[in-house]
Amino acid sequence: MLDSSASDHRTAPALRGDERTVKILIAGHFGAGKTTFVHSLSQIAPLSTEEVMTTASVGTDHTSLPEKTSTTVAMDFGRLSLTDDLVLYLFGAPGQPRFFPVLRDLAFGALGALVLVDTRRLEDTYPILELIEDLDLPYAIAINRFDQAPEHTVERLREVMDLEPETPLVICDARELRSSTDALITLTRHVLTLTPENAA
Amino acid sequence: MSGERPRDGLVRSYVVTGGRSTPSRNHFDAITLITCSAPGPGRGGLSPEQRKVLDLLAPSAQSVAELGARLHLPLAVLRVLLADLMSAGHITTQRPITKSDRLDRKLLEEVLAGLQRL
């Protein structure tokens with residue numbers, strides 16, 4: 001997690017309101033670098049928005065009585081203007097399976113998802129991949145390079161994550177604008193390959 | 001309001017607002033841009049939160065997610081405020097986000113070109 005410092009000198013153009021907006025989800029387990037990634041790319045000081053989810057709390061440790069509880073889910077997001085008329089929003093997607101309803105709303109109309117992975121916590125990525133696949137979103141994997149992370153071959157990583165041959169896997173550094181941008185370019189190219197020519 | 005925005009008939013009710021329902025969720029998607037009507041109707045009868053929404057929109061349009069973050073309001077609550085503001089003519093929105101945006105090759109190519117220029 002990064003601190004959102006008060007000395008953030010980002011300058012995003014003010015919006016007129018008639019721009020087209022698109023969104024991409026930045027998914028990943030806790031600590032995979034979602035917030036860092038959004039910070040690297042956003043042209044506004046990244047914000048956090050909340051969604052409230054009401055769930056029956058049966059089966060939790062706290063009570064044996066069935067009652068409704070509200071859970072607040074915070075989602076970090078950032079914004080960047082791609083052209084005068086096209087604005088991209090990046091949403092850090094909550095990765096816990098219990099937040100699936102919120103994720104489903106967030107995924108509606110999204111172009112795709114970039115799944116960030118810390119190779120020290122590969123097993124935490126499996127449920128995220130299942131979640132993204134359930135959402136029927138095209139996705140690419142970005143291995144976020146951490147200094148102490150063990151070196152795995154790309155082949156081995158693809159194997160343990162059980163990736164389809166066409167699913168892109170890139171190595172990135174979520175702290176760097178260039179590297180993070182390249183990961184989004186890879187994802188967008190992938191989404192294009194899945195989009196039929198005649199569907200306009 | 002243009003009065004021409006398509007309604008898809010999907011309505012969701014919110015317990016928090018006494019059973020009132022709002023336009024479909026994708027009408028106020030997190031990335032739907034909201035613009036203050038100019039000139040808008042008088043502000044009499046608006047709640048403090050609704051006035052805050054209009055104050056935030058005065059300098060520039062904002063997405064639903066940005067409004068929620070700046071007002072510290074959960075999106076479900078904000079959507080209700082926005083629906084009321086829209087039906088009273090205070091705000092307008094873009095077209096609703098649709099699931100087929102992803103199938104628009106031209107849009108995807110523009111996104112790709114935009115990212116490559118960063």
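In this predicted model, the interface between the two chains brings 38 residues of chain B into contact with 37 residues of chain A. On the side of chain B that touches chain A, the elements giving two or more residues are strand 3 (33–36), strand 4 (62–63), helix 2 (64–71), helix 3 (75–87) and helix 4 (105–117) of chain B. Helix 4 of chain B gives the most to this side, with eleven residues, and by class the side of chain B that touches chain A is made up of 18 nonpolar, nine polar and eleven charged residues.

Strand 3 of chain B, one of the elements named above, is also joined to two other strands of chain B, as the table sets out.

| Strand pair in chain B | Bridges | Direction | Partner of Ile34(B) |
|---|---|---|---|
| strand 3 and strand 4 | two bridges | antiparallel | Gln62(B) |
| strand 3 and strand 5 (residues 91–93) | three bridges | antiparallel | Thr93(B) |

Ile34(B) thus has a bridge partner in strand 4 of chain B, namely Gln62(B), and a bridge partner in strand 5 of chain B, namely Thr93(B).

As for confidence, the predictor gives the complex an ipTM of 0.88 and a pTM of 0.85, while chain B averages a pLDDT of 80, with 73% of the residues scoring at least 70. Over residues 1–23 of chain B, however, pLDDT stays under 50, although the model has 30 contacts beyond four places in sequence for this stretch. Where pLDDT is low, predicted coordinates should not be read in detail.

Key. Residues are numbered from 1 along each chain as its sequence is written. Chains are lettered from A and ligands numbered from 1 in the order in which they are written. This is a predicted model: local features need pLDDT of at least 70, side-chain atom pairs count only at pLDDT 80 or more; totals for chains, interfaces and linings use all residues. Two residues are in contact if their C-beta atoms, placed from the backbone, lie within 7 Å. Helices (H or I, at least four residues) and strands (E, at least two) are DSSP runs, numbered from the N terminus. Ala, Val, Leu, Ile, Met, Phe, Trp, Tyr, Cys and Pro count as nonpolar, Asp, Glu, Lys and Arg as charged, and the others, Gly among them, as polar. Two strands pair if DSSP finds at least two bridges between them. pLDDT is the predictor's confidence in each residue, from 0 to 100.
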